[in-house]
Structures are given as structure tokens and as C-alpha cells.
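Welcome to a short set of exercises on reading a protein fold. Keep the structure open beside you and try each task before looking at the solution.

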Amino acid sequence: MNEYPVKPIGGKVANDNGNELEVFIEGILSRKGYQFIDKKKFTSAIYLEQPIYSRQVFIGQSIYNTKLYCDFYIYHPTLWPEGLLIESKWQQTAGSVDEKYPFLVLNIKQKYPTKTIILIDGGGYKKQAEEWLRDQTDNKLLKVMNMSEFQQWSNKNHL
């Protein structure tokens with residue numbers, strides 16, 4: 001029997017930590033009254049006229065002409081009747097997330113079907129990359145926030 005715990009490496013750690021950010025988002029959506037809907041039924045469930053969300057929803061083709069999925073797709077009949085997409089990017093240690101921001105932004109601005117917000121946290125991204133990302137906001141990329149800012153934003157009834 002091995003006395004030493006097996007430590008996850010690389011992408012496994014990143015995925016686990018990223019999942020924590022997604023659990024955080026999901027908790028806020030749940031507290032705000034959003035109901036989870038399977039991604040295969042999401043589009044037809046919009047007609048129920050109630051706040052709903054789903055995860056990993058197919059939203060079209062990327063700038064590379066590959067399948068494109070969003071982390072969260074939410075619908076609210078009065079606040080977000082056109083829908084709102086939420087992307088979450090957790091980076092706890094230095095890594096490649098900085099290099100992924102331009103790809104994400106180009107997809108949001110050119111390919112995403114509706115308005116989007118990005119949550120970033122973990123502190124492992126370069127400060128200049130965060131500044132660049134925050135400077136990209138417009139009528140399609142509405143906001144770039146960390147967990148605390150997202151909590152405050154949702155407390156102001158934006159969700």
C-alpha cells in the first residue's frame with residue numbers, strides 16, 4: 001500500500017480548480033432561482049418563461065470552424081430574454097490561460113449568439129493579460145469579473 005497520496009498533475013489540477021469556479025457560478029444561479037435544464041432540452045425549455053440555465057451548451061462553430069460550447073447558457077424572461085453566456089477561466093498557477101484569452105474574445109465577438117460575461121480568478125494569469133481582457137468589453141462582451149465582483153454584480157439583481 002502506498003503511504004503517499006497521489007498528487008494530481010497539470011491539467012487534472014486545473015480542471016479540478018476550474019470546476020470549483022463553475023460550482024460557485026452554479027450556486028449563485030440556483031440561489032437566484034434558475035433551474036438547471038439538460039443542454040439537449042435548453043432551447044425548447046425557454047418557452048417555459050422561467051429562469052433556466054444549462055452547462056456546456058453547443059452554440060455553433062468557432063473561428064477555427066470547430067464545435068463551440070459555452071460554460072453556461074442562462075435565460076431569464078425579463079432580465080436576459082435573449083440569453084446570457086457565462087465563461088469561466090480559473091488559473092491558480094502560471095500557465096497557458098493567458099494565451100487562450102484572444103481565442104475566447106474573438107469567438108465571443110464573432111461567433112457567440114448573444115451577450116457574454118467572463119469570470120476569471122485564481123491569480124495565476126499575468127496581470128497584463130487580465131488588463132487586456134478587461135479592455136475588450138463592448139456590447140457583446142459585457143463584463144470581465146472575478147468571483148467577488150460576480151457575487152456583487154449578482155447581488156445587484158443582474159441575474
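**Exercise 1. Pairing of two strands**

In which sense do strand 3 and strand 4 pair, and over how many bridges?

*Solution.* Keep in mind as you work that this is a predicted model.

- Step 1: Look at how the two strands run. Strand 3 and strand 4 pair in the antiparallel sense, over four bridges.
- Step 2: Pick out one pair of residues. Ile74 has Leu84 of strand 4 opposite.
- Step 3: Follow the chain between the two strands. Three residues make the link in the hairpin from strand 3 to strand 4.

**Exercise 2. The whole chain**

List the order of helices and strands along the protein chain, starting from the N terminus.

*Solution.*

- Step 1: Take stock of the elements. The protein chain has five helices and six strands.
- Step 2: Walk along the chain. From the N terminus on, the order is α-β-α-β-β-β-α-β-α-β-α.
- Step 3: Turn to contacts. Among those between residues at least 6 apart in sequence, 62% join residues at least 24 apart.
- Step 4: Turn to burial. Of the 159 residues in the protein chain, 42% are buried.

**Exercise 3. The sheet**

In what order do the six strands lie in the sheet, and which are the edge strands?

*Solution.*

- Step 1: Read across the sheet. The six strands form an open sheet in the order 1-2-3-4-5-6, with mixed pairing.
- Step 2: Find the edges. Strand 1 (35–36) and strand 6 each pair on one side only, and these are the edge strands.
- Step 3: Examine an antiparallel pair. Strand 2 and strand 3 run antiparallel and are joined by eight bridges. Val57 stands opposite Cys70 in strand 3, and Gln61 has Lys67 of strand 3 as its bridge partner.
- Step 4: Look at the turn of this hairpin. Five residues lie between strand 2 and strand 3, and Asn65 takes a positive phi near 65° in the hairpin.
- Step 5: Check how covered strand 3 is. Eight of the 10 residues in strand 3 are buried, so it is mostly covered.

**Exercise 4. A crossover and two helices**

Trace the path from strand 5 to strand 6 and give the handedness of the crossover.

*Solution.*

- Step 1: Start with the pairing. Strand 5 and strand 6 pair in the parallel sense over four bridges, and Thr116 stands opposite Leu141 in strand 6.
- Step 2: Follow the connection. The chain goes from strand 5 through helix 4 to strand 6, a right-handed β-α-β crossover.
- Step 3: Add the neighbouring helix. The axes of helix 3 and helix 4 come within 9 Å and cross at roughly 10°. Angles under 35 degrees count as roughly parallel, and helix 3 and helix 4 are therefore roughly parallel to each other.
- Step 4: Name the residues in contact. Helix 3 contributes Asp98, Tyr101, Pro102 and Val105, while helix 4 contributes Ala129, Trp132 and Leu133.

**Exercise 5. The cores**

Which residues touch the most other members of the largest nonpolar core?

*Solution.*

- Step 1: Find the well-connected members. The largest nonpolar core has 24 residues, and Ile59, Tyr73, Tyr101, Tyr112, Ile118, Ile120 and Leu133 touch the most other members.
- Step 2: Ask where its residues come from. Elements that give two or more residues include strand 2 (52–61), strand 3 (67–76) and helix 3 (97–110). Helix 3 gives the most, with five residues.
- Step 3: Zoom in on one member. Beyond four places in sequence, the residues that Tyr73 touches include Phe42, Ile59, Leu84 and Pro113.
- Step 4: Look for another core. A second, separate core of 18 residues includes Tyr34, Leu119, Met145 and Trp153.

**Exercise 6. Two residues compared**

Decide for Ser88 and for Lys32: buried, partly exposed or exposed?

*Solution.*

- Step 1: Locate each residue. Ser88 lies in strand 4 (residues 80–90), and Lys32 is in the loop between helix 1 (11–31) and strand 1.
- Step 2: Apply the cut-offs. Buried means under 20% relative accessible area, and exposed means over 50%. Ser88 has 7% relative accessibility, so it counts as buried. Lys32 has 27%, so it counts as partly exposed.
- Step 3: List contacts beyond four places in sequence. Ser88 touches Leu21, Glu22, Ile25, Asp71 and Leu119. Lys32 is in contact with Ser154, Asn155, Asn157 and Leu159.
- Step 4: Set sequence against space. Lys32 and His158 are 126 residues apart in sequence, and their C-alpha atoms are 9.9 Å apart.

Technical notes: Residues are numbered from 1 along each chain as its sequence is written. This is a predicted model: local features need pLDDT of at least 70, side-chain atom pairs count only at pLDDT 80 or more; totals for chains, interfaces and linings use all residues. Side-chain values use heavy atoms; hydrogens and water are left out. A nonpolar core is a set of buried Ala, Val, Leu, Ile, Met, Phe, Trp, Tyr and Cys residues joined through side-chain atoms within 4.5 Å. Buried means under 20% relative accessible area, exposed over 50%, partly exposed in between (1.4 Å probe, protein chains only). Contact means heavy atoms within 4.5 Å. Two strands pair if DSSP finds at least two bridges between them. A crossover is right-handed if, with the strands pointing away from the viewer, the path from the first strand over the helix to the second runs clockwise. Axes are lines fitted to C-alpha atoms, for helices over the stretch in contact, and angles run from 0 to 180 degrees between N-to-C directions. Angles under 35 degrees count as roughly parallel, over 145 as roughly antiparallel, 65 to 115 as roughly perpendicular and the rest as oblique.
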